[in-house]
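Subject: Structure for your study

Dear colleague,

Please find below the structure that I am handing over to you. My notes on it follow, with each term explained where it is needed.

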Amino acid sequence: MPFEPMSRWQFVRAILAMGAIVLSSNLLVQFPINDWLTWGAFTYPVAYLAIDLVNRRHGPQRARRVAWVGFAVAVLASLMLAPPRIAIASGTAYIASQLLDIQVFDRLRQGNWWRAPLVSTVLSATLDTALFWSIAFSGQGLPWTSWAAGDLAVKLAIGISMLLPFRLLIRRTPSGR
């Protein structure tokens, strides 16, 4: 089945959403809740929902374009508003995990509606967590390994909870893919 074309407005909205998600996560990761969690863990998993929706409706090529442009917007904004180490860690983790998410989602898209977003989110969140926390906070004398564990647990929980909104939103698409 061919994918739906993506209008310029849809492309801009997707990029703005990705930029807002990543930038807010980069700011919120600097505020720990406890030794296991920062506030950024609650915002970043929404990026997987956003890219999975683009991928489902418009295909992997458009999803990669949104990921790359969203990457540029998020890194530039983060360099202005977050410490450079966090901006670099975020950019590296973001693009690696988003490209993995797109590839895995695309390979699993023909199966049950929940399989592609679930598996791609679990794998991508794990990669994102490993890259981000090790680059951003290793050697800083902070409890980053426990933050990473808490972050991953929350990302996975939110990723699973995003399955319902994903299902409801894909039902609203004209093709119902």
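Helices (DSSP runs of H or I, at least four residues) and strands (DSSP runs of E, at least two) are numbered from the N terminus. Axes are lines fitted to C-alpha atoms, for helices over the stretch in contact, and angles run from 0 to 180 degrees between N-to-C directions.

This is a predicted model, in which local features need pLDDT of at least 70 and side-chain atom pairs count only at pLDDT 80 or more, while totals for chains, interfaces and linings use all residues. Residues are numbered from 1 along each chain as its sequence is written, and side-chain values use heavy atoms, with hydrogens and water left out.

Overall picture

The protein chain contains seven helices and two strands, and their order along the sequence is α-β-β-α-α-α-α-α-α. Its radius of gyration (taken over C-alpha atoms) is 16 Å, close to the 16 Å that the globule rule (2.2 Å times the number of residues to the power 0.38) gives for 177 residues, so the chain is as compact as a globular protein of that length. Along the principal axes, the C-alpha atoms fill a box of roughly 50 × 30 × 20 Å.

The mean pLDDT (the predictor's confidence in each residue, from 0 to 100) of the chain is 89, and 96% of its residues reach 70 or more. Among the elements, H5 has the highest mean pLDDT, 95, and helix H7 (residues 163–171) the lowest, 86. Where pLDDT is low, the predicted coordinates should not be read in detail.

Helices H5 and H6

The axes of helix H5 (residues 115–137) and helix H6 (residues 144–161) come within 9 Å and cross at roughly 160°. H5 and H6 are therefore roughly antiparallel to each other (angles under 35 degrees count as roughly parallel, over 145 as roughly antiparallel, 65 to 115 as roughly perpendicular and the rest as oblique). Their crossing is right-handed (the near helix is turned clockwise from the far one by less than a right angle; anticlockwise would be left-handed). Residues in contact (heavy atoms within 4.5 Å) include Leu118, Trp133 and Phe137 of H5 and Trp144, Leu152 and Ile160 of H6. By class, this contact has 11 nonpolar, five polar and three charged residues (Ala, Val, Leu, Ile, Met, Phe, Trp, Tyr, Cys and Pro count as nonpolar, Asp, Glu, Lys and Arg as charged, and the others, Gly among them, as polar).

Other helix pairs

H6 also packs against H7, at an angle of about 30° and with the axes 4 Å apart. Gly159, Ile160 and Ser161 of H6 make this contact with Leu163, Leu164 and Pro165 of H7.

Helix H1 (residues 8–28) and helix H4 (residues 84–108) have axes that come within 11 Å and cross at roughly 135°. That makes H1 oblique to H4, and the crossing is right-handed. Here Met18, Val22 and Asn26 in H1 meet Ile86, Ser90, Tyr94 and Gln98 in H4. Four of these residues are nonpolar, three are polar and none is charged.

Aspartate 35

Aspartate 35 lies in the loop between strand S1 (32–34) and strand S2 (37–38). Leaving aside its neighbours within four places in sequence, aspartate 35 is in contact with Pro143, Ser146 and Trp147. Aspartate 35 and glycine 150 are 115 residues apart in sequence, yet 8.6 Å apart in space, C-alpha to C-alpha.

Yours sincerely
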